[in-house]
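User: Please give me a close look at a single part of this model, and then place that part in the context of the whole. I am a first-year student, so kindly explain each term when it appears.

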Amino acid sequence: MERALRPAVEAEGVWFAYRGEAWVLRDVSLAVPAGGMAMVMGPSGAGKTTLLKVLAGLLRPQRGALRILGVGVEGGVPPSLRPLIGYIPQQLGLVRNLTALENVLMGALGRSRGVGVLFGLFPRPEVERAWAILDLLGIRHKAREKVIHLSGGERQRVAIARTLLQRPKVVLADEFVSDLDLPRAAEILRLVRQVGWREGITFLMNMHEVQLVQEFGDTVFLVKEGRVLHQCPGSHVTWTLLQEVLR
Amino acid sequence: MRRDLLVMGGMGVALGVVLGQMGFFEGEKMGRGLVNAGRFARDLFPPDASVTPTAVKAMLETVQMAFAGTLLGFLLSLPLGVLGVRFLFPRPVTYPARLLSAWVRTVPALLWAILFVIVVGLGPLAGTLGIALYTVGYLSKLYADLFEGTDPEVVEAVRGVGASRLHLVRFVVFPEGANGVLAQLLFMLEYNIRASAILGFVGAGGIGFLLQAYIQTLEYQRLATVLLLLLGVVLGMEALGGWVRRRFLLTPS
């Protein structure tokens with residue numbers, strides 16, 4: 001039980017730069033509380049995407065300490081931890097030439113080592129679960145369509161479905177719902193929040209829509225020039241605050 | 001802008017010098033050539049249709065060689081191409097794979113055919129193997145580069161799930177590259193039909209033998225029949241390729 005109360009993701013004095021370039025993250029320290037939705041806000045070029053990649057263990061920080069689900073990952077993510085970390089990139093990272101269902105099933109690859117999978121034959125429970133998730137997200141009728149033929153909003157749901165099938169404990173999403181109009185985005189966030197509560201998933205996402213941050217952000221990190229400048233609950237985020245902090 | 005002009009001018013001068021060295025500007029020689037070309041063209045007509053059955057049979061063999069050779073080469077190129085992908089394998093794997101591909105590529109199909117005639121004897125088997133190796137050299141290089149161009153975000157996303165290397169190849173690299181794989185395979189098949197047409201010159205089977213024989217015995221009217229047949233097949237292949245592309249290539253709707 002104590003483990004669950006620990007922060008899902010913790011960074012202490014993290015510095016990161018791409019090879020041979022200037023620092024993108026400067027001395028970032030933050031703790032993402034377990035459960036609920038944390039959000040990162042900041043102007044473009046603030047290093048939000050890089051921050052998320054580092055926190056997801058996809059990029060190794062040059063300095064500082066990083067713990068995901070209580071495991072130190074500065075030197076790389078151990079393979080056993082990998083499937084517990086969901087990551088949704090900005091462009092979603094879907095395979096366009098495969099169907100929505102196939103893309104979702106890829107979420108199960110971390111625990112699928114058999115030969116059958118290589119022929120597209122996933123274990124029955126995984127397939128059933130994939131259908132259930134597609135159903136939950138309201139895109140069951142698009143399951144057999146290739147991703148390239150889906151709309152932006154549908155693709156977003158496929159990416160979310162893939163991550164949910166992965167059964168992660170923490171999900172890091174870069175601009176989670178950027179392709180959706182506000183009502184749609186709110187609907188998806190509500191759904192995802194429910195699933196998160198039910199399955200004990202912590203979400204950390206980049207978000208630029210103030211209204212969504214106010215309604216859904218349990219913890220908000222305001223980021224500028226590679227530093228975390230302010231942390232507060234989403235309900236405290238106002239235009240005035242943003243202007244003051246991010247000015 | 002001025003640098004562009006300078007480069008263009010330089011290339012123009014180089015072209016002129018090279019052509020001059022090869023005798024392009026010798027009026028008498030070129031004039032004689034034109035007369036000969038006219039004579040040759042006149043001798044081609046009318047095509048001698050009596051050789052059609054022989055020619056068709058030989059043509060069929062050529063198409064078979066091209067088809068089998070291309071597919072064999074294709075099947076070998078896929079794994080070799082994958083082994084050359086730098087985001088999947090470390091240098092000690094990609095480097096030898098790419099080196100092997102480059103080495104196979106330096107030898108022209110005709111030379112491979114000669115080698116295989118020596119090894120397996122006269123006939124279409126030598127031609128098929130020659131085509132196959134030539135195809136491996138080209139397709140493995142094209143595929144390695146194509147696979148390497150896979151959207152890194154997709155690779156990152158699926159790798160983040162905990163997918164293995166084999167999973168990445170099967171679920172990301174192949175599907176994302178499918179368009180290019182198919183397009184280049186079709187191109188290679190069309191190309192190999194033309195290439196295998198001359199393999200008969202060295203006894204490696206197919207219509208090349210007839211081409212060579214009719215040229216050497218000055219039977220140009222028969223040669224014309226063979227050339228027309230070749231033209232027909234190549235055009236047919238291109239039409240088939242176009243159909244496959246329209247039918248199977250991925251297009252966003």
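Analyst: The part chosen is strand β3 of chain A, and the account then passes to the rest of both chains.

This is a predicted model, in which local features need pLDDT of at least 70, side-chain atom pairs count only at pLDDT 80 or more, and totals for chains, interfaces and linings use all residues. Residues are numbered from 1 along each chain as its sequence is written, while chains are lettered from A and ligands numbered from 1 in the order in which they are written.

Strand β3 of chain A covers residues 36-41. Helices (H or I, at least four residues) and strands (E, at least two) are DSSP runs, numbered from the N terminus. Five of the six residues of β3(A) are buried, so the strand is largely enclosed by the rest of the structure. A residue is buried if 20 or more other C-beta atoms lie within 10 Å of its own, exposed if 12 or fewer, and partly exposed in between, with C-beta atoms placed from the backbone.

Strand β3(A) has parallel partners. Five bridges link it to strand β8 (residues 202-206) of chain A, where A:Thr202 stands opposite A:Gly36. Four bridges, again in the parallel sense, link β3(A) to strand β9 (residues 219-224) of chain A; there A:Leu222 faces A:Met41 as its opposite residue. Two strands count as paired if DSSP finds at least two bridges between them.

Chain A also holds an open sheet of four strands in the order β2-β1-β4-β5, with antiparallel pairing. Its edge strands, β2 (23-32) and β5 (71-72), each pair on one side only. Within this sheet, β1 (residues 9-17) and β4 (residues 63-68) run antiparallel and are joined by five bridges; A:Glu12 has A:Ala65 in β4(A) as its bridge partner.

How reliable is chain A? Its mean pLDDT, the predictor's confidence in each residue from 0 to 100, is 89, and 98% of its residues reach 70 or more. Within chain A, confidence is lowest in helix α1 (residues 2-5), at a mean of 50, and highest in helix α3 (residues 100-105), at 95.

The largest nonpolar core has 147 residues, among which A:Val104 and B:Val158 touch the most other members. Such a core is a set of buried Ala, Val, Leu, Ile, Met, Phe, Trp, Tyr and Cys residues joined through C-beta atoms within 7 Å. Helix α6 (residues 124-148) of chain B gives the most to this core, with 14 residues. Beyond its neighbours within four places in sequence, A:Val104 has contacts that include A:Ala130, A:Ile133 and A:Val158. Two residues are in contact if their C-beta atoms, placed from the backbone, lie within 7 Å.

The two chains meet where 22 residues of chain A are in contact with 20 residues of chain B. On the chain A side, 14 of these are nonpolar, seven polar and one charged. Here Ala, Val, Leu, Ile, Met, Phe, Trp, Tyr, Cys and Pro count as nonpolar, Asp, Glu, Lys and Arg as charged, and the others, Gly among them, as polar.

Chain B has ten helices and zero strands, and 40% of its 253 residues count as buried. In helix α9 (residues 208-216) of chain B, the buried residues include B:Phe209 and B:Tyr214. The buried residues of α9(B) pack against α3 (52-83), α8 (165-197) and α10 (220-248) of chain B.
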